[in-house]
Amino acid sequence: MTAPDVTITDLTVTFRRGEVRALDGISLRLPVGMVGLLGPNGAGKTTFMRVLTGVLLPNSGSVAVDGTELTSRGRRQEVRATTGYLPQELGLYPDLTARQFLDYMALLKGITDRRARRARVEEVLELVSLGDVAHRKVKGYSGGMKRRVGIAQAILNDPRLLIVDEPTVGLDPEERLRFRALLARLAGDRTVLLSTHIVDDVVQTCPNVVVIERGQVAFQGAIGDLATRAEGMVWHLTQPATAPPPGLPTVNVTPGSTGTTYRVISPTSPAPDAERVSATVEDGYIALMHGTAPERTQPGPDLRVG
Amino acid sequence: MTTVLQRTTPPTAARGWWAKTVAAARYEYLMQVRRPAVWVVVLGLIALRCASPFPPGFTSSTDLPFLVADWAGNFVMLCPIGVGAVLADRARRESRLELNDLLASTPTGIGPRLWGKAIGAGAATITPVAVAWVGLLGYLTARHGAGVIPVGLAAFAAIVLPGLVFISACSVTVPYLTGPVLYRIGVFGYWIWGNMVGPRFGIPTPAGTPFEAIGEYPAGAWFHGTLFDARQRGITPTGGEAVLSIAFLLLMALATLMITQLVLTRRNPS
């Protein structure tokens, strides 16, 4: 198995008869391994993922997997057979046990051989550490356990392309770390697209990142390049000595013994006593979102990172 | 980085339409048959009707086909309303549980899931009727001998089942359009109007015609069962009319499911 060659060209999705442009001419090519998909709420991340999984059809543009565009229903179903998807709004049948739910999903994914299916279900249950509670009905599970059932169903069919939408929302810190580690282990020779608005999740796991804002690609490239977008523009200001000028993007606020330190983004020094510090990925992201970064990119599908 | 899963033969989208339908039916059955409401509502309506079986005195008959047919008539008089009521929330269940995207992302299309739901959830809802019928046959066998069993099975298949299949098919499809609450009101109204309000009330109704769903035609034609609305219309059903009545119900069930599949597929072209 090799990771799929996924090329997205000029993808546009509109809602409400064209009034809302959820995706506005997105073009990119997904590299192998983990790819972070960042963007604020409502940027179009979920819509983008729904198009990739074939759940939603675009108004225009195309998605091609291994050179073949997903224009026909049959082709989309073929690709779905080797795609895994963990949606943001994850629903499960509450009155089935985890084992039953996964068995059902495996059947729907085309794993019809009983012996292979059972072995697979047990394997993924162990992988997400639910083997001991797999006989319990899903309605009794915690949010984290339900998310693990979600990732288990997503990898049942050994997907070449794994798409996970906000998988760590609502998880406690330990669960979140476990989840990140699991996704990183799964990446291997497949493409894992991880959508999140938690920058740290992407920093820790994804060598490549795509940032979507208002339905357009604001950045795509190596994760380190996102940080360099803000290089030279990140400042520390400490109150009460100096208050940050209003309107400057503030990355974080740290209370300390000498005052409160503000980490702000500004192309020029915001105050005489401002201290310039090195930029992180989060700084780069905030700079990009506030239009402070030097330039926005909309690379074509030929740009392949990683 | 090493892979963490054993590699399997890649599943294919085209494989096993029937296997996927059976799988969906199996799990829909499992989920529906476990619901206490299914048993309480359906058995409650059967018990309500059978507490004072109609017409009076038929239970003392020794004519086995007649006896069994009238018991079947009592079974099917009210319980389809319950069957419709407890099936009505199945249609939009995936949407309510936010499962639509997950299911739509699998290589299985709407067809196997819809047919699986109709077969599985329908069979599960008919299960209490079948269990109660088996119990009744046990009782009648103890009183009248084993000859009741083949007659009883035939009566269940010919009198009780077609109407329930028809109602089940409608109940997993029509609520996509109406929602469950409106559908429940509708199924109650339809059942009373279409099967119990006879021509004596002077309003147009299928009651007493081969297009009713209460099994009067097969009961009358093959089991000498008591006729109600058909008699008021001056009809003594023939075997052919009984076949027509059953075929009508089964074809309507089939048509309902096929039209719904078509509509859902057009609504979700992905």
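How many residues does helix H9 of chain B have, and how far does this helix reach from its first C-alpha to its last? The helix covers residues 180-196, which makes 17 residues, and it reaches 23 Å, close to the 24 Å expected at 1.5 Å a residue. Please keep in mind from the start that this is a predicted model.

## A helix with two sides

Let us stay with H9(B) for a moment. Its buried residues are B:Pro180, B:Tyr183, B:Arg184, B:Val187, B:Trp191 and B:Asn195. Seen down the axis of H9(B), these buried residues fall within an arc of 100°, so they line one face of the helix. A general rule helps in reading such a pattern: an α-helix has 3.6 residues a turn, so residues three or four places apart point the same way.

What do the buried residues of H9(B) pack against? Their partners are three helices of chain B, namely H3 (64-87), H7 (148-171) and H8 (175-178). On the face turned away from this buried side, H9(B) carries the exposed residues B:Val181 and B:Gly189.

## Chain B as a whole

Stepping back, chain B contains 12 helices and 0 strands. Its C-alpha trace spans about 80 × 45 × 30 Å along the principal axes. Of the 270 residues in chain B, 46% are buried. Among contacts between residues at least 6 apart in sequence, 79% join residues at least 24 apart.

An unreviewed UniProt entry lists residues 36-54, 66-88, 118-140, 146-167, 174-193 and 242-264 of chain B under "transmembrane region". Two of these stretches can be set side by side:

| Stretch of chain B | Helix content | Strand content | Distance between end C-alpha atoms |
|---|---|---|---|
| Residues 174-193 | 90% | 0% | 18 Å |
| Residues 242-264 | 100% | 0% | 33 Å |

## Unusual backbone spots

Most residues other than glycine have a negative phi, and most peptide bonds are trans. Against that background, a few places in the model are worth a look.

In chain B, the peptide bond from B:Phe54 to B:Pro55 is cis, with omega near 0°. B:Pro55 sits in the loop between helix H2 (36-50) and H3 of chain B. B:Glu98 has a positive phi, near 60°, although this residue is not a glycine. The loop that holds B:Glu98 runs between helix H4 (93-96) and helix H5 (100-104) of chain B.

In chain A, A:Arg214 has a positive phi of about 50° and is likewise not a glycine. Its place is the loop between strand E9 (208-213) and strand E10 (216-222) of chain A. Is A:Arg214 buried, exposed or partly exposed? With 14 C-beta neighbours inside 10 Å, A:Arg214 counts as partly exposed. B:Glu98 is also partly exposed, with 14 C-beta neighbours inside 10 Å.

## Strands of chain A

Chain A brings strands into the picture. Strand E6 (residues 83-86) has A:Thr83 and A:Tyr85 pointing one way and A:Gly84 and A:Leu86 the other way, and all are buried. In a regular strand the side chains alternate between the two faces of the sheet. E6(A) pairs with strand E7 (residues 161-165) of chain A in the parallel sense over 4 bridges. Within E7(A), A:Val164 stands opposite A:Leu86.

The loop between E7 and H6 of chain A holds A:Glu166. A:Glu166 is buried, because 23 other C-beta atoms lie within 10 Å. Leaving aside residues up to four places away in sequence, A:Glu166 touches A:Gln88, A:Ser195 and A:Thr196. The C-alpha atoms of A:Glu166 and A:Thr196 are separated by 4.7 Å, with the two positions 30 residues apart along the chain counted as their spacing.

Elsewhere in chain A, an open sheet of 4 strands has the order E12-E13-E11-E14, with antiparallel pairing. Its edge strands are E12 (250-255) and E14 (275-276), each of which pairs on one side only. Strand E11 (residues 234-239) and E14(A) run antiparallel and are joined by 2 bridges. Here A:His236 stands opposite A:Glu275 in E14(A).

## Where the two chains meet

How many residues of each chain take part in the contact between chain A and chain B? On the chain A side there are 40, and they are in contact with 34 residues of chain B. The elements of chain A that give two or more residues to this side are helix H2 (73-80), helix H3 (98-108), helix H4 (114-127) and helix H6 (173-187). By type, the chain A residues on this side divide into 18 nonpolar, 10 polar and 12 charged.

Methods:
Residues numbered from 1 in each chain as written. Chains lettered and ligands numbered in written order. Predicted model: local features only at pLDDT ≥ 70, side-chain atom pairs only at ≥ 80, totals over all residues. Expected span 1.5 Å × (residues − 1). Buried ≥ 20, exposed ≤ 12 C-beta atoms within 10 Å, placed from the backbone. Arc of directions from axis to C-beta. Contact = placed C-beta atoms within 7 Å. UniProt positions renumbered as here; feature names shortened; annotations may be inferred. Pairing = 2+ DSSP bridges. Nonpolar A, V, L, I, M, F, W, Y, C, P; charged D, E, K, R; others polar.
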